[in-house]
Amino acid sequence: MVRFDNIHAVRGRYDEVRWHKKEAFRSLRNNARQSLKEFEDDGLVRRHEYLEVPVRVEYEVTDAARALKPILTELAKWGSSLKNARATC
């Protein structure tokens with residue numbers, strides 16, 4: 001889930017606006033890191049860290065995550081049909 005609580009509509013000097021953009025990006029980046037960590041803990045992705053300068057990290061989708069694809073596809077179809085049914089009411 002992406003959180004937007006650190007994104008502000010700011011009017012001000014360039015440095016102030018740039019700082020808020022930096023904070024928003026940092027929040028989004030940290031949330032992505034947290035999600036990847038949770039996926040790794042749940043066995044849905046595998047993390048590969050390469051000892052290079054700078055350190056390179058790659059993530060690989062596991063078979064467990066691939067097994068979820070049909071379930072998520074059906075869930076998305078159900079959600080779309082529900083949304084369409086509500087739109088016609």
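Trainee: How long, N to O, is the salt bridge in which the side chains of Lys77 and Glu74 meet?

Mentor: In this predicted model, the side chains of Lys77 and Glu74 meet in a salt bridge. Both residues lie in helix H2, three residues apart, about one turn of the helix. An α-helix has 3.6 residues a turn, so residues three or four places apart point the same way. For Lys77 and Glu74, the N to O distance is 3.3 Å.

Trainee: Is Glu74 buried, partly exposed or exposed?

Mentor: The relative accessible area of Glu74 is 47%. Because exposed requires a value over 50% and buried one under 20%, Glu74 falls in the class between them, which is partly exposed.

Trainee: How far apart are the end C-alpha atoms of helix H2, and what span should its 26 residues have?

Mentor: Helix H2 covers residues 63-88, and at 1.5 Å a residue its 26 residues should span 38 Å. The helix also carries a kink of about 30° at Lys69, shortly before the proline Pro70. The expected span nevertheless agrees with the model, in which the end C-alpha atoms are 39 Å apart.

Trainee: Which residues make the nonpolar surface patch, and what is its area?

Mentor: One of its members, Leu72, lies in helix H2. The full set is Leu68, Ile71, Leu72, Leu75, Trp78 and Leu82, and the patch they make has an area of about 590 Å².

Trainee: Which residues does Thr62 touch, not counting residues up to four places away in sequence?

Mentor: Thr62 is found in the loop between strand S2, residues 56-61, and helix H2. With a relative accessibility of 7%, which is below the 20% limit, Thr62 counts as buried. Its contacts beyond four places in sequence are with Gly43, Leu44, Val45 and Arg46.

Trainee: Which residues are linked with Arg56 in a network of salt bridges?

Mentor: Side chains of opposite charge can pair when their charged atoms come close. The side chain of Arg56 meets that of Glu52 at 3.1 Å, N to O, and that of Glu58 at 2.7 Å, N to O. Arg56 is partly exposed at 33% relative accessibility, as are Glu52 at 36% and Glu58 at 35%. The residues linked with Arg56 in the network are therefore Glu52 and Glu58.

Trainee: Which two residues does the cis peptide bond join, and what is its omega?

Mentor: The second residue of the pair, Pro54, is found in the loop between strand S1, residues 45-50, and strand S2. The cis peptide bond joins Val53 and Pro54, and its omega is about -5°.

Trainee: What pattern does the chain follow when it is read along the sequence?

Mentor: The chain has two helices and two strands. Read along the sequence, these elements follow the pattern α-β-β-α.

Trainee: What share of the 89 residues in the chain is buried?

Mentor: The chain exposes about 7900 Å², and carbon and sulfur atoms supply 57% of that area. Among the contacts in the chain with a separation of 6 or more, residues 24 or more positions apart account for 15%. Of the 89 residues, the buried ones make up 8%.

Technical notes. Residues are numbered from 1 along each chain as its sequence is written. This is a predicted model: local features need pLDDT of at least 70, side-chain atom pairs count only at pLDDT 80 or more; totals for chains, interfaces and linings use all residues. Side-chain values use heavy atoms; hydrogens and water are left out. Helices (H or I, at least four residues) and strands (E, at least two) are DSSP runs, numbered from the N terminus. The expected span of a helix is 1.5 Å times one less than its number of residues. The bend at a residue is the angle between axes fitted to the seven residues ending there and the seven starting there. Buried means under 20% relative accessible area, exposed over 50%, partly exposed in between (1.4 Å probe, protein chains only). Contact means heavy atoms within 4.5 Å. Accessible areas come from the Shrake-Rupley method with a 1.4 Å probe; for residues, only the protein chains shown count as cover. Patches are made of residues with over 30% relative accessible area and no salt bridge: like charges are joined within 9 Å, nonpolar side chains (Val, Leu, Ile, Met, Phe, Trp, Tyr) within 5 Å. A salt bridge is a side-chain nitrogen of Lys or Arg within 4 Å of a carboxyl oxygen of Asp or Glu.
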